[in-house]
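Before reading on, please take a moment to look over the sequence and the model together. The paragraphs that follow move from burial to charged pairs, then to the sheets and the cores.

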Amino acid sequence: MLLIRIRPLGLGFSFSCRMKHACLRSFTLFLLTLLRLGRSSSTADNQPSCHRCDPQLSCNCSCGGFTRVPTVTDQARTLDLSFNNITAVTDDDLKGHEQLKVLDLHANRIAIIHPSALDSLWSLEELDLSDNQLSTLNHSWFSHLGALQKLHLLNNPYSRLGSPSLFRGLVGLRSLAFGGPALQELRRGDLHGVTQLDELTVHATNNLARYQSGALADIWPLGRVTLNLHGSSLTNVTLASAVLGDVSYPETPITLENIHLTGNESAQGLREAARKRIRQLSFRNLSISDEVAMDFLLLFDGVPLTSLSFDGLTLTGDGSWGPAIKTNLGSMDEIFIRNLVVVDILRFVMTADLYFILQFQRKMSIINSKVFLVSCKTTQLMVNAEYLDVSDNLLTDLTLEYMMCEGNSTLKELRVLNISGNPLKSLSTVSRLVAKLTKLTHLDISKISYSSMPSSCSWPSALRYLNISVSKLTTTTPCLPTSLEVLDLSYNDLRDFTVLLPVLRELYLSGNKFLRLPSGHLFVNLRILTIQFHFQGGGDLQLTDGEASYVCDSPLHLQGKPVSGVHLSVVECHQVLFVSVSCGLALVVGVVLCVLLWRLHVFWYLRMTWAWLKAKRNSKNRRCRDTEGWEALLSFDAFVSYSERDAGWVENFLVPELEEPSDSNSGNARSFTLCLHKRDFLPGRWIMDNIMNAIERSRRTVFVLSENFVHSDWCRFELDFSHFWLFDVGVDAAILILLEPLSKDDVPKRFCKLRKIMSSTTYLEWPQEEERRPEFWRSLRNALRGDQEDH
C-alpha cells in the first residue's frame with residue numbers, strides 16, 4: 001500500500017469579477033461569524049461561555065480573558081482554561097461535566113476552590129492547578145476523583161500539603177507534581193495514599209527547611225523523579241541527603257533542576273544518591289565551579305552510573321579538576337550535553353587525562369554548545385561510540401575533517417551521526433569523510449546551506465537513512481546512495497526528482513517547488529510519500545487517473561491485479577481489529593469455561609487426584625524401602641479423623657472405651673488399636689504421606705463429625721484423601737459418628753460419597769442420655785469388626 005500525503009497550498013481559482021466580490025463578502029462574513037463564536041458571550045446569569053470546541057470535544061478556552069469559569073458543552077472531554085484571570089471556582093461552575101477527562105486551570109489567579117467544586121468530575125484523569133494563588137490545599141477537592149491519573153499543583157503559595165493527606169483516595173494516580181517557592185515542610189504521611197508513580201516532580205526552591213525522613217519513601221514503584229532544589233535546599237546537606245535518599249533507586253531516573261553551586265559549595269548533598277547506586281542522573285540548568293565538579297566526580301567514583309545528562313550546563317572555573325579526573329566511570333555509556341557555556345573560555349583548559357571517559361561511551365551528544373573544534377585524538381578514543389550528535393554547533397568543513405581524522409582510523413563502530421545545523425558548505429566533503437564508516441546507517445546533515453549536489457559521491461554501503469532537509473538544494477543527482485530506505489529532502493528548492501532509488505521505502509519532499517509528482521518507476525518499493533504542492537497565480541492540480549490506473553503490489557497473491565477488482569476479507573483489511581475481537585472472545589470463553597469448571601469442582605478433583613497419586617507413589621516407594629518397620633508402626637483397626645476442638649471427646653470417651661475396655665462395661669470385649677494424628681503421625685513426614693499411610697494401614701476410618709469438623713482445614717484435608725480412598729475400597733470402610741445433629745448439606749457437595757453415606761442409615765449418633773451409650777459402644781465395636789451383632 002502506497003501512502004501519499006498531498007497538502008495543496010495556495011490553490012488558484014478563476015472567477016468573474018462579480019463572483020470574486022460576492023465570494024469575498026461571503027468569506028468575510030463567515031470569518032466574522034467564526035470570530036464571534038470563538039469569543040466569550042454572556043448568559044443570563046452573567047456567566048461567560050466559550051464555543052471553541054473541536055469535533056473531538058476538546059475545548060480550548062486558553063488566553064480568553066475569562067474572570068470566571070465559562071460554560072461549555074457538557075459533552076466536553078478536554079477543557080483548557082489556562083492563562084486566564086479566573087480567581088475562584090464555585091460549586092456550580094463544573095457541574096454536569098461527568099465526561100470530562102482533562103481540566104487545565106494553570107496560570108490563572110485562583111485563590112478559592114469550593115470544597116465540592118470538583119465532585120461531579122468522576123471521569124477526570126488529568127488536573128492542572130499549577131501557577132495559581134492557592135495558599136491552602138483541601139483534600140475534599142480530590143475526594144471524588146477516583147479516576148485521576150495526573151495531578152499538578154506546582155507554584156502555589158502553600159507552605160505545606162496539609163492534613164489529612166490530599167491523595168488518600170487517588171488510587172490511580174500515576175503522575176504528581178507539587179511544591180513551589182513557599183513550601184516549608186514535608187512530613188511523613190503527607191503523601192499517604194500514593195503507592196506508586198510513573199512520574200514525581202517536587203519543587204523545593206527556596207524555603208524548604210523541614211523534611212521528615214521517609215516522607216517520599218513509601219512510593220514504590222517509582223518512575224522518573226524531578227527535583228527542583230534551587231537555593232539553600234541542596235547546600236543543606238542533611239536535608240538534600242534525606243530527600244534524595246527517599247527517592248533514589250537503581251532503576252529510577254533522577255533529574256535535578258536549577259542548581260547553582262558556583263563558589264566553594266560542596267556536592268555532598270548528592271552522596272545519598274551515589275550510595276544508592278543510581279543508574280541515570282540528569283541535570284537541567286546547572287552551574288558549577290571547579291570545586292563542585294571535582295566533588296561530583298569523586299562522589300560517583302565506582303558508582304554504576306550508565307547515563308549522565310546535562311541540559312543547560314555552565315562551567316565557571318578553568319577546568320582544573322585535580323585528582324578527580326581519574327574517577328572510575330567505566331559503567332557509563334551515555335553522555336548528553338546541550339547548551340554548554342564555559343564562562344571563561346580563554347582560561348578553561350580541558351586536561352588531556354579527562355579523555356579516558358570517552359572510551360566507554362556508546363552514545364555521545366554535545367548539542368548547541370558553540371563547539372567549533374573536536375580533535376582527531378578525541379574521536380580516536382571513542383572506540384565504542386555507536387551514536388554521535390554534534391548538531392547545532394560551529395563545525396566547518398575544515399574542523400569536521402580534523403574531527404574525522406581525514407576519514408581514517410576513527411569511529412569504526414559508529415551507526416548514527418548527526419552533524420545538522422553546523423556551518424558546513426560541501427556535500428562532497430561530508431560524503432568523503434563518512435565513506436569509511438562502514439557501519440554507519442543513519443546520517444543527519446539537515447539545516448545546512450548546501451546549494452548544490454555533486455554528480456557523484458561515495459557513501460558507506462550500510463547507509464539506510466539520510467536527512468538533507470532544510471537546505472538550499474535546487475537539483476538532485478546520482479550522488480544520493482542507492483542503498484537508501486528513508487530519504488528526507490523537505491524544505492529545499494527542488495523542482496523535480498529524477499534519481500533512481502530501488503529500495504527506498506519512505507520519501508519526504510514537502511516544502512519544495514514541485515509541479516508534478518515524481519515518476520513512480522524510480523522507487524518501486526516506496527510505501528510513504530509526503531509532499532506539498534505550492535501553486536502560484538492560476539496554477540491547477542488535477543489527478544486525472546482513477547482507481548483503474550492502480551494495481552496491487554501486495555499481498556503477493558494479488559500482485560499486478562487492478563485495485564478496482566480486488567475485494568479483501570475483513571481479516572486482511574482489519575487485522576488489528578480481527579485479532580482484538582478474536583482475543584476478546586477467546587478471553588470471554590476462557591473465563592466462562594474456568595467458572596464452569598470451578599462450579600463443577602473439576603479443579604478440585606484434578607488437584608486431589610494428583611496429590612493422591614503422588615502420596616500413593618511415595619507410600620509405595622517407602623514400603624519397598626522399609627516394609628517391616630512401616631508395617632509395624634502403622635497397623636491399626638481404625639484411623640480417627642476429628643477436629644482438634646473435639647479432642648476432649650476422643651481422648652476422654654472414644655480412646656478409653658475402645659483401646660482399654662473395662663469388664664464392667666464390655667464384658668469380654670476386645671481392645672482396638674486406633675491411629676490418632678496427634679499421637680501416631682510420624683514427625684518429619686509430609687502431612688499428606690502421613691494421612692495416606694494412616695488410611696492405608698487402617699481397616700476402617702472413623703469420622704467424628706461435628707460443626708468443628710466441617711470447618712477444620714486439617715479435617716477437610718483428611719476428607720479429601722478419604723474421598724478417593726472410598727472409591728478404592730468401598731463405603732463400608734468408613735464409619736461416621738455424629739457428635740451433634742448434622743445434615744448432609746453441611747458437608748461440601750464435592751464429597752459425594754460421604755454425602756451418600758450420610759443419606760443412608762450407616763452412621764452412629766452420640767447419645768446425650770447416659771443409659772443409651774452402652775448400645776452406642778456396642779454398635780461401634782460391631783462396625784469396627786465388620787460384624788452385624790455383638791458377639
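A residue counts as buried when its relative accessible area is under 20%, as exposed when that area is over 50%, and as partly exposed in between. The model shown here is predicted, and these cut-offs can be applied to a charged pair in it: Arg 773, with a relative accessible area of 13%, is buried because that value is under 20%, whereas Glu 770, with a relative accessible area of 55%, is exposed. The side chains of Arg 773 and Glu 770 meet in a salt bridge, with a distance of 3.0 Å from N to O.

Side chains of opposite charge can pair when their charged atoms come close. In this structure there are 31 salt bridges, and one of them brings together the side chains of Arg 338 and Asp 311, at 2.8 Å from N to O. Since Arg 338 belongs to strand S19 and Asp 311 to strand S18 (residues 307-315), the pair ties together parts that are 27 residues apart in sequence. Both partners are partly exposed, Arg 338 having a relative accessible area of 31% and Asp 311 one of 24%.

A further salt bridge links Arg 505 with Glu 485, whose closest N and O atoms are 3.2 Å apart. Arg 505 lies in the loop between strand S25 (486-488) and strand S26 (506-508), while Glu 485 lies in the loop between strand S24 (465-467) and S25, so this pair ties together parts that are 20 residues apart in sequence. Arg 505 is partly exposed, with a relative accessible area of 34%, and Glu 485 is partly exposed too, with 26%. Through salt bridges that share partners, Arg 464, Glu 485, Arg 505 and Glu 506 are joined into one network.

Strand S19, which holds Arg 338, spans residues 334-342 and pairs in the parallel sense with strand S20 (residues 363-367) over five bridges. Within this pairing, Ile 335 has Met 364 in S20 as its bridge partner. S20 is in turn joined by three bridges to strand S21 (residues 387-389), again running parallel, and here Lys 363 stands opposite Tyr 387 in S21. Together, S20, helix H6 (residues 376-381) and S21 make a right-handed β-α-β unit.

Farther along the chain, which strands make up an open sheet of five, and in what order? The order is S29-S28-S30-S31-S32, and the pairing is parallel. Strand S29 (674-676) and strand S32 (763-765) stand at the edges with a single partner strand each, so one side of each is left without a neighbour in the sheet. On average, neighbouring strands of this sheet are turned by 25° against each other, direction ignored. Inside the sheet, five bridges join S30 (residues 698-705) to S31 (residues 734-738), and Val 704 stands opposite Ile 737 in S31. Helix H16 (residues 687-696) packs on the sheet, where it touches S28, S29 and S30, and its direction makes about 115° with that of S30. Helix H20 (residues 773-785) also packs on the sheet, touching S28, S30, S31 and S32, and its direction makes about 145° with that of S30.

The nonpolar interior remains to be described. The largest nonpolar core has 148 residues, and Leu 103, Phe 167 and Phe 497 are among those with the most contacts inside it. Leaving aside residues up to four places away in sequence, the residues that Leu 103 touches include Leu 79, Leu 118 and Glu 126. Apart from this core lies another, of 23 residues, including Ala 647, Val 702, Leu 764 and Leu 784.

Methods
Residues numbered from 1 in each chain as written. Predicted model: local features only at pLDDT ≥ 70, side-chain atom pairs only at ≥ 80, totals over all residues. Heavy atoms only, no water. Pairing = 2+ DSSP bridges. Helix = DSSP H or I, 4+ residues; strand = E, 2+ residues; numbered from the N terminus. Axes fitted to C-alpha atoms, helices over the stretch in contact; angles between N-to-C directions. Contact = heavy atoms within 4.5 Å. Right-handed = clockwise from strand over helix to strand, strands pointing away. Core = buried A, V, L, I, M, F, W, Y, C linked by side-chain atoms within 4.5 Å. Buried < 20%, exposed > 50% of the residue type's maximum accessible area, 1.4 Å probe, protein only. Salt bridge = Lys/Arg side-chain N within 4 Å of Asp/Glu carboxyl O.
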